[in-house]
Amino acid sequence: MKKEELKSLSNDDLRKRLNDLQAELFNLRFSLATGNLPNNSSIKNAKKEIARIKTLIRERELKATEARA
């Protein structure tokens, strides 16, 4: 997903997507260890998307904190 698409999601949807991606990353790493992973770049892509989501969640948390202050 692109950053613009992620921004349109709610916090709950982002957290759900994050959990799904973390589970997918676990399965990808398991596949790599057993030698069944056809595309090694899928691990890199999953990590990048996890980082994008975590960054977006953190930005929203900081904005909410600034709005209260």
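A contact here means heavy atoms within 4.5 Å. With that in hand, select the whole protein: among contacts between residues at least 6 apart in sequence, 66% join residues at least 24 apart.

Before you click further, note that this is a predicted model, where local features need pLDDT of at least 70, side-chain atom pairs count only at pLDDT 80 or more, and totals for chains, interfaces and linings use all residues. Residues are numbered from 1 along each chain as its sequence is written, and side-chain values use heavy atoms, with hydrogens and water left out.

Now colour by pLDDT, the predictor's confidence in each residue, from 0 to 100. The protein averages 93, and 100% of the residues score at least 70. Select residues 3–7, helix α1, for the lowest confidence, a mean of 86; then pick residues 11–34, helix α2, for the highest, at 96.

Switch to cartoon and you'll find three helices and zero strands (DSSP runs numbered from the N terminus: helices are H or I, at least four residues; strands are E, at least two). Zoom out: the radius of gyration is 15 Å, well over the 11 Å that the globule rule gives for 69 residues, so the protein is more spread out than a compact globule (taken over C-alpha atoms; the rule is 2.2 Å times the number of residues to the power 0.38).

Next stop, Phe-26, in helix α2. Is Phe-26 buried or exposed? Exposed, with a relative accessible area of 58% (buried is under 20%, exposed over 50%, partly exposed in between, with a 1.4 Å probe and protein chains only). Add Ile-50 to the selection: Phe-26 and Ile-50 sit 24 residues apart in sequence and 12 Å apart in space, C-alpha to C-alpha.
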